[in-house]
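Thanks for coming. I will go through one structure today, part by part. Please have the sequence and the model open.

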Amino acid sequence: MSRIVILTGAGISAESGIETFRAETSLWAQHRVEDVATPEGFACDPALVVEFYNMRRHLAADALPNAAHKALAQLEAEYSGEVLVVTQNVDDLHERVGSKNLIHMHGALNSALCAVCEHRWDAPMMMHVGETCPSCGAAAARPDIVWFGEMPYEMDRIFNALSRADIFAAIGTSGNVYPAAGFAAEASRAGAKTLEINLEQSAVGAQFDEALLGPATQTVPEWVASILRAG
Ligand code: BJW
């Protein structure tokens with residue numbers, strides 16, 4: 001059976017109106033990464049961080065999945081082999097169009113996490129500082145987001161899938177953040193054919209066998225159609 005592993009990043013949701021991180025007018029141009037996306041930032045100013053993710057949760061809820069998200073769900077439904085989508089995105093646009101074999105390696109806006117007992121529950125649209133955990137009662141609720149210096153989720157499952165992949169495709173990710181930026185090299189070492197789909201070559205673009213350049217809403221449906229045609 002043929003196996004495809006797909007890594008997605010902020011670029012796949014850009015045409016749904018969700019800003020990317022590293023463009024000039026982006027999220028990181030308006031916020032210092034250290035302030036809003038590190039455990040130290042959260043410890044220093046929890047209200048700022050909780051508000052940042054409340055704002056992001058609202059933006060994600062208002063956004064609609066685009067043709068690229070839909071094409072990947074179609075690929076999973078119609079491909080004769082196995083398709084795994086590993087997303088760095090914290091929005092829920094993949095699952096809203098039916099992607100099921102999906103890993104949110106950097107967490108999810110719609111989830112809350114207890115910093116004490118690691119219990120997870122559905123995040124309300126507006127989280128508040130000091131909310132209590134419904135399981136252990138500690139006042140230690142936080143957004144269920146993987147910040148810099150924290151271990152991304154399901155790494156064993158991801159590396160296992162990369163080691164068995166026949167095709168690895170990275171869509172709309174800049175290749176600036178590890179461990180995801182190392183996935184192409186990992187899959188390539190294990191024998192997969194690698195493809196980068198992006199507006200422009202990423203920081204790790206030279207590691208891919210092929211590139212498909214252009215907006216994801218055009219390139220991803222074209223790529224999916226070609227895979228499904230080939231069977
Ligand atoms: C389009 C498009 C369109 C636009 N169509 N394309 C020194 C060296 C190496 C590593 C480190 C180091 N110092 C520290 C580290 C580790 C650190 C790291 O990588 N730092 C770097 C800055 C150097 N990483 C970590 O700390 C991670 N944990 C970790 O490493 O644990 C140890 C470990 C070791 C070994 C194995 C396993 C674990 C945790 C990283 C957590 C990242 N968190 C964030 C924020 C939280 C989520 C949130 O708030 O939303 O996740 S950072 C941010 O970057 C977010 C994203 O998921 C992530 C990646 O960004 P992405 O998706 O690539 O977006 P952009 O904006 O960068 O790029 C968009 C792309 O789309 C561009 O290429 C555009 O061209 C393209 N595009 N429109 C197609 N229409």
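Between domain 1 and domain 2, about 980 Å² of area is buried, and carbon and sulfur atoms give 55% of that. Buried area here is the accessible area, with a 1.4 Å probe, that two parts lose on being put together, summed over both. This is a predicted model, in which local features need pLDDT of at least 70 and side-chain atom pairs count only at pLDDT 80 or more, while totals for chains, interfaces and linings use all residues. Residues are numbered from 1 along each chain as its sequence is written, and side-chain values use heavy atoms, with hydrogens and water left out.

Which residues are in each domain? Domain 1 takes 3-17 + 65-106 + 152-230, and domain 2 takes 19-62 + 108-145. These bounds come from an automatic or database domain assignment. The domain centres, taken over C-alpha atoms, are separated by 25 Å. Each domain brings 14 residues to the contact, where contact means heavy atoms within 4.5 Å.

On the side of domain 1, Ala10, Val90 and Tyr153 lose the most area to domain 2, together 45% of what that side buries. How many salt bridges run between the domains? The count is 0, a salt bridge being a side-chain nitrogen of Lys or Arg within 4 Å of a carboxyl oxygen of Asp or Glu. There are 4 residue pairs in polar contact, both residues at pLDDT 80 or more. A polar contact is a pair of N or O atoms within 3.5 Å; within protein, one must be able to donate a hydrogen and the other to accept it, and residues adjacent in sequence count only if both atoms are side-chain atoms. The elements giving two or more residues to this side of domain 1 are α1 (10-14) and α7 (93-96). The largest share, 3 residues, comes from α1. Helices (H or I, at least four residues) and strands (E, at least two) are DSSP runs, numbered from the N terminus.

Now the sheets. One open sheet has 6 strands in the order β3-β2-β1-β7-β8-β9, with parallel pairing; two strands pair if DSSP finds at least two bridges between them. β3 (102-104) and β9 (210-213) are at the edges with a single partner strand each, so one side of each has no neighbour in the sheet. Neighbouring strands are turned by 15° against each other on average, direction ignored. β1 (residues 3-8) and β2 (residues 82-87) pair over 6 bridges, and isoleucine 4 has valine 83 in β2 as its bridge partner. Helix α8 (residues 155-164) packs on this sheet, touching β1, β2, β3 and β7 (167-171), and makes about 135° with the direction of β2. Axes are lines fitted to C-alpha atoms, for helices over the stretch in contact, and angles run from 0 to 180 degrees between N-to-C directions. Helix α10 (residues 216-230) lies across β1, β7, β8 (193-198) and β9, at about 165° to β7.

The other open sheet to show has 3 strands, β5-β4-β6, paired antiparallel. Its edge strands are β5 (120-122) and β6 (141-145), and the twist averages 45° from one strand to the next. Helix α5 (residues 46-62) lies across β4 and β6, at about 140° to β4.

Last, two backbone details. Tyrosine 178 and proline 179 are joined by a cis peptide bond, with omega about 5°. Glutamate 118, in the loop between β4 and β5, has a positive phi near 65°.
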